[in-house]
Amino acid sequence: MVRPLILSITSDLQVYVRDFGLLRDDKCLVAEADTKIVGAVWCRIMNDYGHIDDDTPSLAISLYKEYRNQGIGTELLRRMILLLRQSGYKRVSLSVQKANYAARMYLNAGFKVVNENPEEYIMALDL
């Protein structure tokens, strides 16, 4: 049985998680360490900060702080890109704060800046 995850998230971030798994384009991978989920990457087609068009899933990734800088995020990203390619998507997008160290990870993975504002980059990767 799948139990829904109850989160206290501000309303502007609900688009990332509300009813996740019910939509055809919802995808998620998790990383575990010592039987604990330590990070996740997920995507869905949604009108979020990284939205490009209605055919391109937007990606989000998160790791507990103590598990960062160990290659876990890079591996989660690599596997999600592979899953999206195998699922027939043509590209994936995301939004990242310019000051976020993960921006370099996305560039190294082949993402290109397609738009920006003073605080963030909108990036896309052709699959």
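Tyrosine 64 lies in the loop between strand E3 and helix H1 of this predicted model, where helices (H or I, at least four residues) and strands (E, at least two) are DSSP runs numbered from the N terminus. With a relative accessible area of 45%, tyrosine 64 is partly exposed; buried denotes under 20% relative accessible area, exposed over 50%, and partly exposed the range in between, calculated with a 1.4 Å probe on protein chains only. Leaving aside neighbours within four places in sequence, tyrosine 64 is in contact (heavy atoms within 4.5 Å) with Lys36, Ile37 and Val38. The charged end of lysine 36 sits over the ring of tyrosine 64 at 4.6 Å from the ring centre, the criterion being that NZ of Lys or CZ of Arg is within 6 Å of the ring centre and within 35 degrees of the ring normal. Tyrosine 64 is also separated by 9.4 Å, C-alpha to C-alpha, from alanine 40, the two residues being 24 apart in sequence.

Residues are numbered from 1 along each chain as its sequence is written. Local features were accepted only at a pLDDT of at least 70 and side-chain atom pairs only at pLDDT 80 or more, whereas totals for chains, interfaces and linings use all residues, and side-chain values use heavy atoms, with hydrogens and water left out.

The protein chain comprises two helices and six strands, which follow the pattern β-β-β-α-β-α-β-β when read along the sequence. Of the 127 residues in the chain, 35% are buried. Among contacts with a separation of 6 or more, 54% join residues that are 24 or more positions apart. The average pLDDT, which is the predictor's confidence in each residue on a scale from 0 to 100, is 86 for the chain, and 83% of the residues score at least 70. Over residues 1-9, however, the pLDDT is below 50, and this stretch has three contacts in the model beyond near neighbours in sequence. Where pLDDT is low, the predicted coordinates should not be read in detail.

Two residues with a positive phi occur in the loop between E1 and E2, namely aspartate 34 and threonine 35. Phi of aspartate 34 is near 55 degrees, and that of threonine 35 is about 60 degrees, although neither residue is a glycine. Most residues other than glycine have a negative phi. Aspartate 34 counts as exposed because its relative accessibility is 74%, and threonine 35 is likewise exposed, with a relative accessible area of 78%.

The largest nonpolar core, defined as a set of buried Ala, Val, Leu, Ile, Met, Phe, Trp, Tyr and Cys residues joined through side-chain atoms within 4.5 Å, has 24 residues, and those with the most contacts inside it are Leu59, Leu77, Leu94, Tyr106 and Phe111. At least two residues of this core are supplied by each of strands E1 (27-33), E2 (36-44), E3 (58-63), E4 and E6 (120-126), and by each of helices H1 (72-86) and H2 (102-108). Helix H1 provides the largest share of the core, five residues.

A search of the whole structure finds one aromatic pair, a pair requiring that the ring centres of Phe, Tyr or Trp (its six-membered ring) lie within 6.5 Å, with planes under 30 degrees apart classed as stacked, over 60 as edge-to-face and the rest as tilted. This pair is formed by tyrosine 106 and phenylalanine 111 in an edge-to-face arrangement, 5.7 Å centre to centre and with 70 degrees between the planes. Tyrosine 106 is buried at 5% relative accessibility, and phenylalanine 111 is buried at 1%. Beyond four places in sequence, tyrosine 106 touches Leu59, Ile61, Leu77, Leu94, Val96, Phe111 and Met123.

Strand E4 (residues 91-97) contains serine 93 and also serine 95. Serine 93 is buried, with a relative accessible area of 0%, whereas serine 95 counts as partly exposed because its relative accessibility is 25%. The side chain of serine 93 makes a polar contact of 3.5 Å with the side chain of serine 58; such a contact is a pair of N or O atoms within 3.5 Å, of which, within protein, one must be able to donate a hydrogen and the other to accept it, and residues adjacent in sequence count only if both atoms are side-chain atoms. Another polar contact, of 2.9 Å, joins the side chains of serine 95 and glutamate 120. Apart from residues up to four places away in sequence, serine 93 touches eight residues including Ser58, Leu59 and Met123, while serine 95 is in contact with Tyr49, Gly50, Glu120, Tyr121 and Ile122.
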